Amino acid sequence: MEIIVHVDKLFHDIPEKIINDKRYMPYFKDCIGAIDGTHVDARIPVEEQVAYIGRHHSPTQNVMAACDFNMCFTFVSPGWEGSAHDARIFKHAVMDPKYNFPAPPPGKFYLVDAGYPLQRGYLKPYIGTRYHLPDFRRGSRTIMGHKELFNSRHSSLRSVIERSFGV
């Protein structure tokens with residue numbers, strides 16, 4: 001809780017990534033970061049493995065994390081069974097004070113994907129509309145309408161969490 005923290009604990013500053021890019025400014029000026037989960041390989045005793053079997057049929061831990069736009073983790077919740085859904089981990093992290101989750105103050109928000117619950121402070125993409133960046137890169141079809149435009153920018157900005165996991 002002392003090392004993995006947000007530098008601007010009151011979330012006063014608009015991230016440089018947003019200020020310097022007209023795709024995001026002013027629409028995402030109140031965004032403080034992104035949240036997602038990832039699966040990491042786990043070595044689990046055979047008698048406990050069933051709960052940890054993830055999507056790829058091997059034992060994993062589901063780790064939820066939040067990061068800022070400098071690709072620095074600001075919260076990590078490790079150790080969940082690979083079968084645990086992102087929404088379940090999220091609920092425990094934000095509802096239980098013992099996890100010390102850096103909740104967004106009024107008017108601020110995190111970017112989340114469609115697997116998270118819709119609630120104040122957490123901005124999801126439009127459902128049923130193209131979202132992932134490769135979907136926009138494939139083919140010659142241009143972005144159609146305000147929902148696709150929003151989703152393409154949301155996905156582009158939220159990709160910071162994917163890149164953080166990769167690093």
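The following exercises, each with a worked solution, examine a predicted model.

Residues are numbered from 1 along each chain as its sequence is written, and side-chain values use heavy atoms, with hydrogens and water left out. Because the model is predicted, local features need pLDDT of at least 70 and side-chain atom pairs count only at pLDDT 80 or more, whereas totals for chains, interfaces and linings use all residues.

**Exercise 1. The sheet**

Determine the order of the strands in the open sheet, and state which strands lie at its edges.

Solution. Begin with the terms. Strands (E, at least two residues) and helices (H or I, at least four) are DSSP runs, numbered from the N terminus. Two strands pair if DSSP finds at least two bridges between them.

Step 1. The open sheet has five strands in the order β3-β2-β1-β4-β5, and its pairing is mixed.

Step 2. The edge strands are β3 and β5 (122–123), each of which pairs on one side only.

Step 3. Consider the antiparallel pairs. β1 and β2 run antiparallel and are joined by eight bridges; D41 has T60 in β2 as its bridge partner. β2 and β3 are also antiparallel, with six bridges; here C67 has F73 in β3 as its partner.

Step 4. Consider the parallel pair. Strand β4 (residues 109–111) pairs with β5 in the parallel sense over two bridges, and L111 is bridged to L123 in β5.

Step 5. As background, strands of a sheet pair through backbone hydrogen bonds, either parallel or antiparallel.

**Exercise 2. Helix α4 and residue H154**

Describe the course of helix α4, and decide whether H154 is buried or exposed.

Solution. Step 1. Helix α4 covers residues 145–166, and H154 is placed in this helix.

Step 2. The expected span of a helix is 1.5 Å times one less than its number of residues. With 22 residues, α4 reaches 32 Å from its first C-alpha to its last, close to the expected 32 Å.

Step 3. A bend is the angle between axes fitted to the seven residues ending at a residue and the seven starting there. At R158, α4 bends by about 30°.

Step 4. A residue is buried under 20% relative accessible area, exposed over 50% and partly exposed in between (1.4 Å probe, protein chains only). H154 has 0% relative accessibility and therefore counts as buried. Other buried residues of α4 include N151, R158 and I161.

Step 5. Contact means heavy atoms within 4.5 Å. Leaving aside neighbours within four places in sequence, the contacts of H154 include F28, L111, L123 and Y131.

Step 6. Axes are lines fitted to C-alpha atoms, for helices over the stretch in contact, and angles run from 0 to 180 degrees between N-to-C directions. α4 lies across β1, β2, β3, β4 and β5 and runs at about 55° to β1.

**Exercise 3. Aromatic pairs**

Classify the ring pair of F73 and F165, and say why the pair ties together separate parts of the chain.

Solution. Step 1. Rings of Phe, Tyr and Trp (its six-membered ring) pair if their centres lie within 6.5 Å; planes under 30 degrees apart count as stacked, over 60 as edge-to-face and the rest as tilted. By this rule there are 10 aromatic pairs.

Step 2. For F73 and F165 the ring centres are 5.7 Å apart and the planes stand at 40°, so the pair is tilted.

Step 3. F73 belongs to strand β3 (residues 73–81) and F165 to helix α4, so the pair ties together parts that are 92 residues apart in sequence.

Step 4. F73 is partly exposed, at 29% relative accessible area, and F165 is partly exposed at 23%.

Step 5. The rings of F101 and Y110 have centres 5.7 Å apart and planes at 45°, so this pair is tilted. Both F101 and Y110 are buried, and they belong to one aromatic cluster together with F75, F90, Y116 and Y122.

**Exercise 4. Backbone geometry**

Identify what is notable about the backbone at M71, N100 and P26.

Solution. Step 1. Most residues other than glycine have a negative phi, and most peptide bonds are trans.

Step 2. M71 has a positive phi near 65°. M71 sits in the turn of the hairpin that β2 and β3 form with five residues between them, and is partly exposed at 29% relative accessibility.

Step 3. N100 has a positive phi near 55° and lies in the loop between α2 and β4.

Step 4. M25 and P26 are joined by a cis peptide bond, with omega about 10°. P26 lies in the loop between α1 (16–19) and β1.
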